[in-house]
Amino acid sequence: MSQNPQSLWNASADAWMTRLEKGDINRTHLLDPIMLLRASDVTGKKVVDIGCGEGRFSRMLGQRGAFITGIDPTPAFIERAQSLDPAGRYIVSGGESLPLEDDEFDLTVCYVVLIDIEDYQSAIAEMVRVTRPGGRILIANLNPSYTATDEQWTYNKEKSQVDLPIANYFDARGVRVQWCGIDVINYHRPLRDYFAAFLSHPLRLTYFEEPRPSEELLEAHPSFITARTMPYFQIFEWVKSQP
Ligand SMILES: C[S@@+](CC[C@H](N)C(=O)[O-])C[C@H]1O[C@@H](n2cnc3c(N)ncnc32)[C@H](O)[C@@H]1O
């Protein structure tokens, strides 16, 4: 991939904040409810949000009583996150090498970020390192079944997804994605690659979900029609084993 992924994020930061500072409908209606439920009571807990962006989810956890550390390599996001949450600690850093102590956090969150990290194995190793034994790692990610699809989707007349061509599922690759002024690289990799990375650490999987809109949600927001048939996301929760 010729373009540097970080310079693409730097150039996309304004467009991202304009569009996503309050979250898109997938975040607010599909992911947040599960992520908050799994985070459970964070009062007084030390939480790190890896790839926090401009800090929307960090702030949600901070408002629920967590001590927040937000990490992101895009300086404009960290500046914005810090200005919106002066009580939080926000640091410019990639997830591959965290300027944080071992076993520092009760909860490590990574909200739709693993697809942005080329060296995901180092990022996962760092999440494990900074989480205390007995602490949890909560991940939302784009579903590899989705990132493996090519652009040639076929719709029926209701515009619901009917044909989902999965192209080269097993080939890990960076794919340039461009939408609404955002122009970044998403790294597709098969689910087995993620599992191989997580399972190389002392972790226990305690939750897994592929969120799907309910009929009621679909009725309220018809744009969820494709998400009834296409699994856009996955959510994992891992617990770090006690020594
Ligand atoms: C899709 S956005 C998600 C932001 C936020 N978590 C949210 O859900 O709104 C991906 C984020 O990953 C960050 N990012 C890119 N490369 C990264 C890396 N190597 N390590 C950690 N975060 C990275 C980007 O700056 C961006 O904020």
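Me: Into which classes do the residues of the shell around the ligand divide, and how many are charged?
Reply: This is a predicted model. The shell around the ligand holds eleven nonpolar residues and five polar ones. The remaining class is the charged one, and its count is four.

Me: Which residues come nearest to the ligand?
Reply: There are 20 residues around the ligand. Of these, the nearest are Gly51, Gly53, Thr74, Gly94 and Gly95.

Me: Which elements give two or more residues to that shell around the ligand?
Reply: Look for helices here. One of the elements covers residues 5-20, and another covers 56-63. They are α1 and α3.

Me: Which residues of α3 are buried, and against what do they pack?
Reply: The buried residues of α3 are Arg56, Phe57, Ser58, Leu61 and Gly62. The helices they pack against are α2 and α4. The strands they pack against are β1, β2 and β4.

Me: Which residue with a positive phi follows α3?
Reply: Go to the end of the helix. The residue that follows α3 has a phi near 100 degrees. That residue is Gly65.

Me: In what order do the seven strands of the open sheet stand?
Reply: The pairing in this sheet is mixed. In general, strands of a sheet pair through backbone hydrogen bonds, either parallel or antiparallel. Here the order is β3-β2-β1-β4-β5-β11-β10.

Me: Why is one side of β3 and of β10 left without a neighbour in the sheet?
Reply: Each of these strands has a single partner strand, so one side has no neighbour in the sheet. That puts β3 (89-92) and β10 (203-209) at the edges.

Me: By how many degrees are neighbouring strands of this sheet turned against each other on average?
Reply: The direction of the turn is ignored here. The average for neighbouring strands is 15 degrees.

Me: What angle does the direction of α4 make with that of β3?
Reply: Helix α4 packs on the sheet. There α4 touches β2 and β3. Its direction and that of β3 make an angle of about 170 degrees.

Me: How many bridges join β1 to β4, and which residue of β4 stands opposite Asp49?
Reply: β1 and β4 run parallel. Three bridges join them. Opposite Asp49, in β4, stands Val109.

Me: Which residue of β2 is the bridge partner of Val48?
Reply: β1 and β2 pair in the parallel sense, over five bridges. Five of the six residues of β2 are buried, leaving this strand mostly covered. In β2, Val48 has as its bridge partner Thr69.

Me: Through which helix does the chain cross from β1 to β2?
Reply: Follow the chain from strand to strand. This is a β-α-β crossover, and it is right-handed. The helix on the path from β1 to β2 is α3.

Me: Which residue of β3 is the bridge partner of Thr69?
Reply: β2 and β3 share four bridges and pair in the parallel sense. The bridge partner of Thr69 in β3 is Arg89.

Me: Through which helix does the chain cross from β2 to β3?
Reply: This is again a path from strand to helix to strand. The β-α-β crossover from β2 to β3 is right-handed. Its helix is α4.

Me: Why is β11 largely enclosed by the rest of the structure?
Reply: Strand β11 spans residues 233-240. It is largely enclosed because, of its eight residues, the number buried is seven.

Me: Which residues of β11 are the bridge partners of Leu138 and Arg204?
Reply: Seven bridges join β5 to β11, and these strands run antiparallel. β10 and β11 also pair in the antiparallel sense, over six bridges. In β11, Leu138 has the partner Glu237, and Arg204 has the partner Val239.

Me: Is Val112 buried or exposed?
Reply: Val112 is in the loop between β4 and α5. Its phi is positive, near 55 degrees. Most residues other than glycine have a negative phi. With 20 other C-beta atoms within 10 Å, Val112 is buried.

Me: Which residues does Glu118 touch, not counting residues up to four places away in sequence?
Reply: Glu118 sits in the loop between β4 and α5. It has 15 C-beta neighbours inside 10 Å, so Glu118 counts as partly exposed. The residues that Glu118 touches, with that limit on sequence, are Pro5, Gly174 and Tyr187.

Technical notes: Residues are numbered from 1 along each chain as its sequence is written. This is a predicted model: local features need pLDDT of at least 70, side-chain atom pairs count only at pLDDT 80 or more; totals for chains, interfaces and linings use all residues. A residue is near a molecule or strand if its C-beta atom, placed from the backbone, lies within 6 Å of it. Ala, Val, Leu, Ile, Met, Phe, Trp, Tyr, Cys and Pro count as nonpolar, Asp, Glu, Lys and Arg as charged, and the others, Gly among them, as polar. A residue is buried if 20 or more other C-beta atoms lie within 10 Å of its own, exposed if 12 or fewer, and partly exposed in between; C-beta atoms are placed from the backbone. Two residues are in contact if their C-beta atoms, placed from the backbone, lie within 7 Å. Two strands pair if DSSP finds at least two bridges between them. Axes are lines fitted to C-alpha atoms, for helices over the stretch in contact, and angles run from 0 to 180 degrees between N-to-C directions. A crossover is right-handed if, with the strands pointing away from the viewer, the path from the first strand over the helix to the second runs clockwise.
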